[in-house]
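Visitor: I'm new to reading protein structures. Could you walk me through one, feature by feature?

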Amino acid sequence: MSILPNSMTGYGTSTLQLEDTTITVEIRSVNHRFLDIIPKYPRSFLFMEEKIKNCVKKYFQRGRIEIHIEVIGNHFVNKTIAVNWELMDQFIEQLELAKNRYSLNGDIPFSSLTNIPDLISIQENEQKPTEIADKLISCVDEACSNVLAMRQDEGKYLMEDIQKRVAIIHNTVMLLSERRETVIKEYQLRIKKRIESLTNELISLDDGRIYQEIAILAEKGDISEEITRLLSHLDQISELLKSKDPIGRKLDFIVQEMNREANTIGSKSTDSKIGEWTVQMKSEIEKIKEQVQNME
């Protein structure tokens, strides 16, 4: 029922009023690898736990969901007065003995009985709120809807930020691709200059051997495969961002692969410009990774 991609961060509340009692449902959502529902409410609501969880599952597929239900009032509490008659009998018996022993006059004041700890107490017996079960589920449903709205708003921001960084990375990859041909030519010139510095007999050297060495070095530093895979990963991210299914885990995997390709490019190339662009690209990949961690 949600429009994805969504963030996993959200907050929502809903209130139910019953005569002198107020029930407040508060739901907090943060990132988590799976769907983890944490109920925190009075024992009298435990019989509804499965229904509450099923309601939450309609809205969310990933995230740590904390459900707080607070009850203010006595609508579900049955109060009764409990008298410890055995203790009272002993108390009165001891008072009568004291009167006789010390020749005291007068009756035992009732107020002296009520001030004795554990003699008279008020007990609260929680009752199951079965008569308002449907209303409570509606309250949970409304709170979930509010959380979802916040997750969708945050998800929109995450998606826009990722799209912006994907565009930056794409431009950097294209620069790397263009630079690749230049680097090969620079290899050739560098090797020739090195040979010239070591010998004055360049003309007598085997040109085929020179170009073979250049080809070997160029192959070792060739980043064409990494560039192809990076472009493929960027296309995959763009397609996933259009999906109506949860994409967080898939994005996380793709971003890890992109980081691996970037590291390979950095280790292969000795070109300062490629090195600089690779560092910038890795910075953008890391920022995407941070955003993906919070995406459903």
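Visitor: Let's start simply: what percentage of the residues in the chain are buried?

Guide: Of the 296 residues, 35% are buried. Keep in mind that this is a predicted model. Its pLDDT averages 84 over the chain, and 82% of the residues score at least 70.

Visitor: Which elements have the lowest and the highest mean pLDDT?

Guide: Strand β6, residues 120–126, has the lowest mean at 63. At the other end sits helix α1, residues 49–57, with 95.

Visitor: How many helices and strands should I look for?

Guide: Look for eight helices and six strands. If you read along the sequence, you'll meet them in the pattern β-β-β-α-β-β-α-α-β-α-α-α-α-α.

Visitor: Let's take α1, then. Which of its residues are buried?

Guide: Here's the general idea. An α-helix has 3.6 residues a turn, so residues three or four places apart point the same way. Now the case here: the buried residues of α1 are Ile 52, Cys 55 and Val 56. Seen down the helix axis, they fall within an arc of 100°, so they line one face of α1. The face turned away from that buried side carries the exposed residues Glu 50 and Lys 51.

Visitor: And the nonpolar residues? Which ones have the most contacts inside the largest nonpolar core?

Guide: The general idea again: in soluble globular proteins, nonpolar side chains tend to be buried together. In this structure, the largest nonpolar core has 28 residues, and those with the most contacts inside it include Ile 162, Ile 169, Leu 176 and Met 281. Helices α4, α6, α7 and α8 each supply at least two residues of this core. The largest share, seven residues, comes from α4. There is also a second, separate core of 26 residues, with Ile 27, Met 48, Ile 52 and Ala 133 among them. You've already met Ile 52 as one of the buried residues of α1.

Visitor: Can we zoom in on Ile 169? What does it touch?

Guide: Leaving out residues up to four places away in sequence, Ile 169 touches Leu 234, Met 258, Met 281, Glu 284, Ile 285 and Ile 288. Compare that with Arg 165, which lies in helix α4. With the sequence neighbours up to four places away left out again, Arg 165 touches Glu 284, Lys 287 and Ile 288.

Visitor: Is Arg 165 buried or exposed?

Guide: Buried means a relative accessible area under 20%. Arg 165 comes to 14%, so it counts as buried.

Visitor: What about residues in a strand? Where does Ser 29 lie?

Guide: Ser 29 is in strand β2, residues 21–30. Its relative accessible area is 2%, so Ser 29 is buried too. Check its partner Met 8: the two are 21 residues apart along the chain, yet their C-alpha atoms are separated by 6.2 Å. Ser 29 touches Met 8, and its other contacts include Arg 64, Val 147 and Arg 151.

Visitor: One last feature: how many aromatic pairs are there in the whole structure?

Guide: A search finds one. Tyr 59 and Phe 60 form that pair, which is tilted, with 6.0 Å from centre to centre and 40° between the planes. Both partners are buried: Tyr 59 has 7% relative accessibility, and Phe 60 has 1%.

Methods
Residues are numbered from 1 along each chain as its sequence is written. This is a predicted model: local features need pLDDT of at least 70, side-chain atom pairs count only at pLDDT 80 or more; totals for chains, interfaces and linings use all residues. Side-chain values use heavy atoms; hydrogens and water are left out. Helices (H or I, at least four residues) and strands (E, at least two) are DSSP runs, numbered from the N terminus. Buried means under 20% relative accessible area, exposed over 50%, partly exposed in between (1.4 Å probe, protein chains only). Contact means heavy atoms within 4.5 Å. pLDDT is the predictor's confidence in each residue, from 0 to 100. Rings of Phe, Tyr and Trp (its six-membered ring) pair if their centres lie within 6.5 Å; planes under 30 degrees apart count as stacked, over 60 as edge-to-face and the rest as tilted. A nonpolar core is a set of buried Ala, Val, Leu, Ile, Met, Phe, Trp, Tyr and Cys residues joined through side-chain atoms within 4.5 Å. The arc is that of the directions from the helix axis to the C-beta atoms.
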